[in-house]
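I opened this entry to go through a two-chain model and write down what I looked up. The notes follow the order in which I checked things.

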Amino acid sequence: MSGPSYAQALFTEFIGARVERVDEGTCLLSLTVEPRHLDRRSGLHSGVLTSLMDATIGIGLGYLRRDEVRHRPHATIEMNASFLADGRQGDEIEVEGRVIPDGPYGRQGRSIAFGEAVARRRPDGEVLALSRLTFAIAAHRHPSAAQGPSPGPEPSP
Amino acid sequence: MQQQHAQSAFVTYIGGRLEEWRDGYVRLGLTVEERHTNPHGVMHGGVLTTLMDEALGGVIASVRGLDDMWKAPHATVDMNVSFLSNARTGDEITIEGAVLKVGRSVAFAEAEARRKRGDVLIAKGRFTFVITRVDGRAAAEEA
């Protein structure tokens with residue numbers, strides 16, 4: 001296949017995240033904290049961090065699974081995160097996600113993948129947030145189902 | 001004081017609406033647009049974690065009272081969300097927040113996200129917040 005083997009979500013693009021690196025199961029995003037990213041206390045809204053941490057695993061997993069993603073999309077089913085420090089306007093943030101290498105990530109018959117992500121401030125590297133994510137990989141669907149508006153994965157609860 | 005239970009800049013930016021805010025209950029709404037989706041055309045999980053955080057920060061403020069909140073702001077320390085189903089462009093989403101406990105230094109709350117189409121529970125979240133002490137440094141720094 002040609003072109004990059006990943007796609008950033010419209011949502012994280014809309015937020016203003018930049019894809020800096022995508023590798024085998026890893027992904028590095030960055031973001032400059034602007035006024036639109038703030039919460040009611042004028043700190044970085046934790047939703048920005050959860051969105052980007054989620055995205056790093058979604059993208060990294062997409063890189064690993066390549067074309068299979070079109071037929072069997074993956075989706076977050078579980079996420080937990082801890083917030084260790086506040087981000088502020090003007091901060092440069094990096095978010096790095098890693099699909100757990102030994103975990104099953106969409107080989108035939110596999111349906112679950114695991115990942116972990118960390119958000120840091122640049123350049124001092126202070127950790128702002130940590131996260132663990134679980135993704136479900138949709139059951140096999142007919143290739144034609146990948147065309148047009150995707151019904152999306154229907155992970156079993 | 002007027003803006004203290006208004007929504008955050010980030011939730012305004014992504015298109016979330018504060019629909020109800022009263023003692024112990026907060027409800028937000030969102031109409032899913034293309035900008036909220038992932039490459040598979042479904043709503044990004046980050047939309048829900050953002051709205052849940054906002055709803056629960058707000059509902060804890062509703063119980064603590066705005067004066068206390070500004071003297072000693074609370075901040076998310078932990079969150080845990082299960083995504084049970086999804087939503088697509090055009091769907092109407094509702095996020096409801098309720099308090100489990102507001103203690104002296106920690107508060108617990110939970111949120112549910114529902115999709116109007118089919119009246120489906122699409123996500124459930126539990127959040128923990130830390131409350132800085134009224135005489136603590138964090139409150140002083142905010143001033």
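**Entry 1: H2 of chain B.** I looked up burial along H2(B) and found 18 of its 20 residues buried, so the helix is largely enclosed by the rest of the structure. I keep in mind that this is a predicted model. H2 of chain B covers residues 45-64. I checked its length: the first and last C-alpha atoms are 29 Å apart, close to the 28 Å expected at 1.5 Å a residue. I then looked just past the helix and noted a positive phi of about 95° at B:Gly65.

**Entry 2: H2 of chain A.** I repeated the checks on H2(A). Here 19 of the 20 residues are buried, so H2(A) is also largely enclosed by the rest of the structure. For its 20 residues I expected a span of 28 Å at 1.5 Å a residue; the end C-alpha atoms are 29 Å apart, which agrees. Just after H2(A), I found A:Arg66 with a positive phi of about 50°.

**Entry 3: the helix pair.** Two numbers describe a pair of packed helices: the angle between the axes and the distance between them. For H2(A), residues 46-65, against H2(B), I read an angle of about 155° and axes 8 Å apart. An angle over 145 degrees counts as roughly antiparallel, and H2(A) and H2(B) are therefore roughly antiparallel to each other. The crossing of H2(A) and H2(B) is right-handed. I listed who makes the contact: A:Ser46, A:Gly47, A:Thr50, A:Ser51, A:Asp54 and A:Ala55 from H2(A), and B:Gly45, B:Gly46, B:Thr49, B:Thr50, B:Asp53 and B:Glu54 from H2(B). Sorted by class, this helix contact holds one nonpolar, eight polar and three charged residues.

**Entry 4: the whole contact between chains.** I widened the view to the full contact, which takes 36 residues from chain A and 34 residues from chain B. On the chain B side, helix H1 (9-14), H2 and strand E3 (74-83) each supply at least two residues. I split that side of chain B by class and got 12 nonpolar, 16 polar and six charged residues.

**Entry 5: the chains one by one.** Chain A has three helices and six strands, and I wrote down the order from its N terminus as α-β-β-α-α-β-β-β-β. Chain B has four helices and six strands, in the order α-β-β-α-α-β-β-β-β-α. Of the 157 residues in chain A, 46% are buried; of the 143 residues in chain B, 43% are buried. I also looked at contacts between residues at least 6 apart in sequence: in chain A, 71% of them join residues at least 24 apart, and in chain B 69% do.

**Entry 6: backbone oddities.** Most residues other than glycine have a negative phi, and most peptide bonds are trans. I searched for exceptions. A cis peptide bond joins A:Arg122 and A:Pro123, with omega about 0°; A:Pro123 lies in the loop between strands E5 and E6 of chain A. A:Ser42 has a positive phi near 65° and sits in the loop between strand E2 and H2 of chain A. I counted 14 other C-beta atoms within 10 Å of A:Ser42, which is partly exposed. B:Asp119 has a positive phi of about 45° and is placed in the loop between strands E5 and E6 of chain B. B:Asp119 has 8 C-beta neighbours inside 10 Å and counts as exposed.

Notes:
Residues numbered from 1 in each chain as written. Chains lettered and ligands numbered in written order. Predicted model: local features only at pLDDT ≥ 70, side-chain atom pairs only at ≥ 80, totals over all residues. Expected span 1.5 Å × (residues − 1). Buried ≥ 20, exposed ≤ 12 C-beta atoms within 10 Å, placed from the backbone. Axes fitted to C-alpha atoms, helices over the stretch in contact; angles between N-to-C directions. Parallel < 35°, antiparallel > 145°, perpendicular 65-115°, else oblique. Left-handed = near helix turned anticlockwise from the far one by under 90°. Contact = placed C-beta atoms within 7 Å. Nonpolar A, V, L, I, M, F, W, Y, C, P; charged D, E, K, R; others polar.
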